[in-house]
Amino acid sequence: MSSSTSKSKAASKPLSEQELQQNLSRLQNELKTLASKIGELESEAEEHELVLSTLNEALQNDPKRKCFRLVGGVLVERTVQDVVPALQTNKEGIKKVVSNLMSQYKTKDGDFESLKREYNVRPVARA
């Protein structure tokens with residue numbers, strides 16, 4: 001409710017220099033946070049892919065082979081045929097979250113760029 005009222009206020013009256021700077025800083029921090037989380041999740045998905053490629057070989061040769069999996073900080077013993085489907089599900093979930101975060105990032109980046117264009121903001125060169 002408050003976000004819709006702030007958007008209507010922004011449309012009706014221009015932001016002060018301090019408000020503009022706060023909005024730009026907030027958006028920039030949100031973009032950095034999203035980018036960091038996206039990178040973290042992408043590396044986790046790559047790790048899942050690496051483990052799956054190794055376990056798929058074991059699944060073909062000996063599906064009853066023991067393997068260990070860390071679940072909630074506890075190391076549990078399972079068979080390869082039990083672990084592979086769970087890892088595939090986790091990897092797919094991570095990919096969905098990454099795509100969701102990417103769309104959020106694009107939206108925030110669009111908001112950031114439109115705010116910069118609207119108020120003709122250019123980056124200041126620092127010495």
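The buried residues of helix α3 pack against helix α2 and the two strands, β1 (66–71) and β2 (74–79). That is a good place to start a tour of this predicted model.

**The overall plan**

The protein has three helices and two strands. Starting from the N terminus, these elements come in the order α-α-β-β-α. Of the 127 residues in the protein, 20% are buried. If we look at contacts with a separation of 6 or more, 66% of them join residues that are 24 or more positions apart.

**Two helices, side by side in the story**

Let us take helix α3 up again. With 39 residues at 1.5 Å a residue, α3 should span 57 Å, and its end C-alpha atoms are 56 Å apart, which agrees. Its buried residues are Val-80, Val-83, Val-84, Leu-87, Lys-91, Ile-94, Val-98, Leu-101, Phe-112 and Leu-115. After α3 comes Asn-120, which has a positive phi, near 50°.

Helix α2 can be checked in a similar way. Its 45 residues, at 1.5 Å each, should span 66 Å, and the C-alpha atoms at its ends are 66 Å apart, which agrees. The buried residues of α2 include Leu-20, Leu-24, Leu-27, Leu-31 and Leu-34, along with Ile-38, Ala-45 and His-48. What covers the buried residues of α2? Part of the answer is α3, which is included in that cover.

One residue of α2 makes a handy example. Ile-38 lies in helix α2 and has a relative accessibility of 6%, so this residue counts as buried. Leaving aside residues up to four places away in sequence, Ile-38 touches Val-98, Leu-101, Met-102 and Tyr-105. Two of these contacts, Val-98 and Leu-101, are listed among the buried residues of α3. Ile-38 and Val-97 are 59 residues apart in sequence, yet their C-alpha atoms are 8.6 Å apart in space.

**Charged pairs**

Side chains of opposite charge can pair when their charged atoms come close. How many salt bridges does the structure hold? There are six. The table shows three of them.

| Pair | N to O distance |
|---|---|
| Lys-108 and Glu-30 | 2.9 Å |
| Lys-91 and Glu-49 | 2.6 Å |
| Lys-116 and Glu-113 | 3.6 Å |

Take first the salt bridge between Lys-108 and Glu-30. Lys-108 belongs to helix α3 (residues 80–118) and Glu-30 to helix α2 (residues 17–61), so this pair ties together parts that are 78 residues apart in sequence. Lys-108 is partly exposed, at 26% relative accessibility. Glu-30 is partly exposed as well, with a relative accessible area of 26%.

Next comes the salt bridge of Lys-91 with Glu-49. This pair links distant parts of the chain, with Lys-91 in helix α3 and Glu-49 in helix α2, 42 residues apart. Is Lys-91 buried or exposed? Its relative accessible area is 18%, so Lys-91 is buried. Glu-49, at 39% relative accessibility, counts as partly exposed.

The pair Lys-116 and Glu-113 stays within one helix: both residues lie in α3, three residues apart, about one turn of the helix. An α-helix has 3.6 residues a turn, so residues three or four places apart point the same way. Glu-113 is partly exposed, at 30% relative accessibility. Elsewhere, salt bridges with shared partners join Arg-26, Glu-30 and Lys-108 into one network.

**A pocket to look for**

Rolling a probe the size of a water molecule over the atoms shows where empty space is left. The second largest pocket contains about 470 Å³ of space. It is lined by 13 residues, and those closest to its centre are Leu-24, Val-121, Arg-122, Pro-123 and Val-124. Leu-24 also appears among the buried residues of α2.

Which helix gives the most to this lining? Helix α2 does, with six residues. Both α2 and α3 supply at least two residues each to the lining of the second largest pocket. By type, the lining residues divide into six nonpolar, three polar and four charged.

Key
Residues are numbered from 1 along each chain as its sequence is written. This is a predicted model: local features need pLDDT of at least 70, side-chain atom pairs count only at pLDDT 80 or more; totals for chains, interfaces and linings use all residues. Side-chain values use heavy atoms; hydrogens and water are left out. A salt bridge is a side-chain nitrogen of Lys or Arg within 4 Å of a carboxyl oxygen of Asp or Glu. Helices (H or I, at least four residues) and strands (E, at least two) are DSSP runs, numbered from the N terminus. Buried means under 20% relative accessible area, exposed over 50%, partly exposed in between (1.4 Å probe, protein chains only). Contact means heavy atoms within 4.5 Å. The expected span of a helix is 1.5 Å times one less than its number of residues. On a 1 Å grid over the protein atoms alone, a cavity is a set of points where a 1.4 Å probe fits but cannot get out, and a pocket is an open set with protein on both sides within 12 Å along at least five of seven lines; lining residues have an atom within 4 Å of a point. Grid points are joined across faces, edges and corners, and a volume is the space filled by probe spheres set on the points. Ala, Val, Leu, Ile, Met, Phe, Trp, Tyr, Cys and Pro count as nonpolar, Asp, Glu, Lys and Arg as charged, and the others, Gly among them, as polar.
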